[in-house]
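User: Could you take me through one part of this model in detail? I'd like the stretch with the aromatic rings, plus whatever surrounds it.

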Amino acid sequence: MNFFFSCFLFLISVVGYSQCAMCKAVVENSDSGLAEGVNNGIMYLMIFPYILVGVLGYTLYRYKKKQNKN
């Protein structure tokens, strides 16, 4: 179950490599270096929610595993 969820999150992040409409309009009228920078910035900002959810999930997993031992 956990493996499938991780694969699902990975696939969403790969497909989600795009910009909002305003960012896309600005990038289309400029050079490719700016476009790459905007995409990298978006990916940088989007990684933190995934990390937080992963840490929370791992913490809950460890907590449940510890409770089952006792």
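Analyst: Let's start with L45, which is exposed at 59% relative accessibility; exposed means over 50% relative accessible area, buried under 20% and partly exposed in between, with a 1.4 Å probe and protein chains only. Before going on, note that this is a predicted model, where local features need pLDDT of at least 70, side-chain atom pairs count only at pLDDT 80 or more, and totals for chains, interfaces and linings use all residues. Residues are numbered from 1 along each chain as its sequence is written, and side-chain values use heavy atoms, with hydrogens and water left out.

L45 sits in helix α3, which covers residues 32-69. Helices here are DSSP runs of H or I with at least four residues, strands are E runs of at least two, and numbering goes from the N terminus.

L45 also belongs to a nonpolar surface patch of about 610 Å², together with Y44, I47, F48, I51 and V55. To join such a patch, a residue needs over 30% relative accessible area and no salt bridge, with nonpolar side chains (Val, Leu, Ile, Met, Phe, Trp, Tyr) linked within 5 Å and like charges within 9 Å. A salt bridge would be a Lys or Arg side-chain nitrogen within 4 Å of an Asp or Glu carboxyl oxygen, and the areas are Shrake-Rupley values with a 1.4 Å probe, where for residues only the protein chains shown count as cover.

Now the rings. The whole structure yields one aromatic pair: Y44 and F48 have ring centres 5.3 Å apart and planes at 90 degrees, so they are edge-to-face. The cut-offs are centres within 6.5 Å for Phe, Tyr and Trp (its six-membered ring), with planes under 30 degrees stacked, over 60 edge-to-face and the rest tilted. Y44 and F48 are four residues apart in helix α3, so about one helical turn separates them. Y44 is exposed at 54%, while F48 is partly exposed at 41%.

Further along, R62, also in helix α3, gathers with K65, K66 and K69 in a surface patch of positive charge. Lys and Arg count as positive and Asp and Glu as negative, leaving out His and the chain ends; charges are placed at NZ of Lys, CZ of Arg, CG of Asp or CD of Glu.

As for the setting, the protein has three helices and zero strands, and 4% of its 70 residues are buried.
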